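Visitor: Hello! I am new to protein structures, and I would love a close look at one part of this one.

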Amino acid sequence: MRTRSGRAAARGRSAGRVAESDREQHVAESCLDGRWLVLGKDGRLTAYAYACAGAGLLRWTETGPGGPHWSEPDFIPVPDLTDLSVAQGADTYVHFLGRRAREGDEGLPTVDIVHAIQYQTARPVTEWRSLGNPHPQREKAARLGAPVAAVSPTGRVHVLVPNAGGGLMLRREGPSGKWDAWLDLKGSGVRDGFTAVVHPSGRIEVFANNAQLVMRWSQHRADGDFVQEPNIPLRVAAGTAAVLETAPGRSTYYWADEDTGQLVAHRPGGWVIPLGGASTRERVAVLRAVLDGYDCTVLAHRGLDGEIMVAACGTENEGAGLWWSPTGGPSVGAPALALDAYGRMVLAFISPDGRLRVARQGTGPGLAFDPPANV
């Protein structure tokens with residue numbers, strides 16, 4: 001999601017009152033891209049969002065495993081970012097990848113990709129380190145897209161970003177921790193808002209699209225080279241796709257159709273499965289969870305009226321139909337789903353007043369959440 005550039009607003013106090021910039025720093029403008037609700041090694045959940053009125057990051061953390069209480073939001077200044085995505089590794093480290101655009105000469109910004117890490121729940125984020133730009137030419141560098149990250153089980157960070165020509169670029173950490181050079185994975189017309197999934201086997205799969213079709217890249221072994229797979233001749237609304245492993249080594253893709261806005265599911269080699277529901281063309285949240293003893297896939301998205309809608313089905317049984325129900329009230333941006341320390345589903349979203357709202361799975365049967373609470 002593209003957000004405003006600019007330096008974080010200065011903090012200030014006047015006559016014992018909190019300055020307007022201070023209040024806005026602790027109000028969320030929108031959610032981050034990627035899985036922005038994550039479970040730490042200590043069993044506490046953390047949620048992340050863009051801070052309003054300045055380039056910064058908000059972070060809320062459960063005060064204890066399983067909640068229900070959360071900390072006040074921490075404000076982390078991050079100047080000059082236009083895009084920010086989040087990814088978590090198997091070691092629970094949280095990685096932030098941003099597109100930074102600083103003012104430059106001749107009306108062209110100086111654009112690079114930056115990376116920071118949160119090693120432990122609620123602990124400080126490291127300094128933001130530049131990963132550079134694959135384009136040495138200033139004009140092309142300014143047209144670099146928004147990054148997406150995937151972290152292999154060995155902890156190697158893979159940074160993927162559309163280049164100025166519409167291809168997909170990769171830069172990743174080597175085995176020693178030193179970053180490899182940029183690698184061109186090819187592709188054509190790659191749009192921002194693509195997605196990636198890390199399989200339990202360690203393989204990473206990338207799902208991207210242009211105006212006419214879907215492009216896929218995958219590793220045939222953990223930490224191996226990426227191979228471009230056959231294209232899928234389907235039209236996907238940019239920024240809506242999510243990928244979930246639904247059987248060993250097999251992915252299911254969920255997205256909004258470019259022409260109708262309707263949500264669908266697809267497994268390569270199979271048919272497109274209508275899911276019902278009309279999307280606001282934001283990312284679908286997906287999660288595997290056990291409901292009433294069955295392996296299920298839970299989905300959440302923001303409906304046309306802004307309300308969060310949730311549904312569930314048996315994993316890989318989308319064809320049996322889904323029944324969407326409103327949960328939690330209106331939202332700004334895409335919701336997030338995660339499991340807490342006790343395996344309960346947690347739904348999180350940003351309300352129109354800029355606050356984090358959280359609903360936790362109730363004790364009743366089926367897909368049922370307790371009423372959402374402001375954090």
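Visitor: Could you take me through the sheet around strand 30, starting with this: which residue in strand 30 is the bridge partner of Leu339?

Guide: Happy to! Please keep in mind that this is a predicted model. The bridge partner of Leu339 is Met345, which sits in strand 30. That pair is a good doorway into the sheet, so to speak, and we can walk across it strand by strand.

The sheet is open and has 4 strands in the order 29-30-31-32, with antiparallel pairing. Strand 29 (336-339) and strand 32 (373-374) are the edge strands, and each has a single partner, so one side of each is left without a neighbour in the sheet.

Let us begin at the strand 29 edge. Strand 29 runs antiparallel to strand 30 (residues 345-350), and 4 bridges join the two. The pair you asked about, Leu339 and Met345, belongs here.

Now step across to strand 31 (residues 356-360). Strand 30 pairs with strand 31 over 5 bridges, again in the antiparallel sense. In this pairing, Leu347 stands opposite Ala359 of strand 31. The two strands form a hairpin, with 5 residues between them. Look for Gly354 in that turn: its phi is positive, about 85°.

Strand 31 deserves a pause. It is mostly covered, with 5 of its 5 residues buried. Here is an idea that helps when you look at the side chains: in a regular strand they alternate between the two faces of the sheet. In strand 31, Leu356, Val358 and Arg360 lie on one side, while Arg357 and Ala359 lie on the other. All of these residues are buried, and both faces of the strand are covered.

One more step takes us to the other edge. Strand 31 and strand 32 pair in the antiparallel sense over 2 bridges. Across this pairing, Val358 stands opposite Ala373 in strand 32. With that, we have gone from strand 29 to strand 32, following the order of the sheet.

It helps to set this sheet within the whole chain. The protein chain has 2 helices and 32 strands. Its radius of gyration is 20 Å, close to the 21 Å that the globule rule gives for 375 residues, so the chain is as compact as a globular protein of that length. The C-alpha trace spans about 55 × 55 × 40 Å along its principal axes. Of the 375 residues, 55% count as buried. Among contacts with a separation of 6 or more, 42% are between residues 24 or more positions apart.

For another hairpin, turn to strand 25 (residues 285-291). Strand 25 has 5 of its 7 residues buried, so it is largely enclosed by the rest of the structure. It pairs with strand 26 (residues 294-302) in the antiparallel sense over 7 bridges. Ala285 has Ala300 in strand 26 as its bridge partner. This hairpin has 2 residues between the strands, and Asp292 takes a positive phi near 55°.

That angle is worth a short detour. Most residues other than glycine have a negative phi, and most peptide bonds are trans. Asp80 is not a glycine, yet its phi is positive, about 70°. You will find Asp80 in the loop between strand 8 and strand 9 (81-88). Its relative accessibility is 10%, and Asp80 counts as buried. Thr92, also not a glycine, has a positive phi of about 75°. Thr92 lies in the loop between strand 9 and strand 10 (94-102), and at 19% relative accessibility it counts as buried. As for peptide bonds, a cis one joins Gly67 and Pro68, with omega at about 10°. Pro68 is in the loop between strand 7 (56-61) and strand 8 (74-77).

Our last stop is Leu168, found in strand 15 (residues 168-172). Leu168 is buried, with a relative accessible area of 0%. Beyond its neighbours within four places in sequence, Leu168 is in contact with several residues, including Leu160, Leu183, Val190, Phe194, Val206 and Trp217. Leu168 and Ala208 are 40 residues apart in sequence, and their C-alpha atoms are 9.0 Å apart in space.

Notes
Residues numbered from 1 in each chain as written. Predicted model: local features only at pLDDT ≥ 70, side-chain atom pairs only at ≥ 80, totals over all residues. Heavy atoms only, no water. Rg over C-alpha atoms; globule rule 2.2 N^0.38 Å. Buried < 20%, exposed > 50% of the residue type's maximum accessible area, 1.4 Å probe, protein only. Contact = heavy atoms within 4.5 Å. Pairing = 2+ DSSP bridges.
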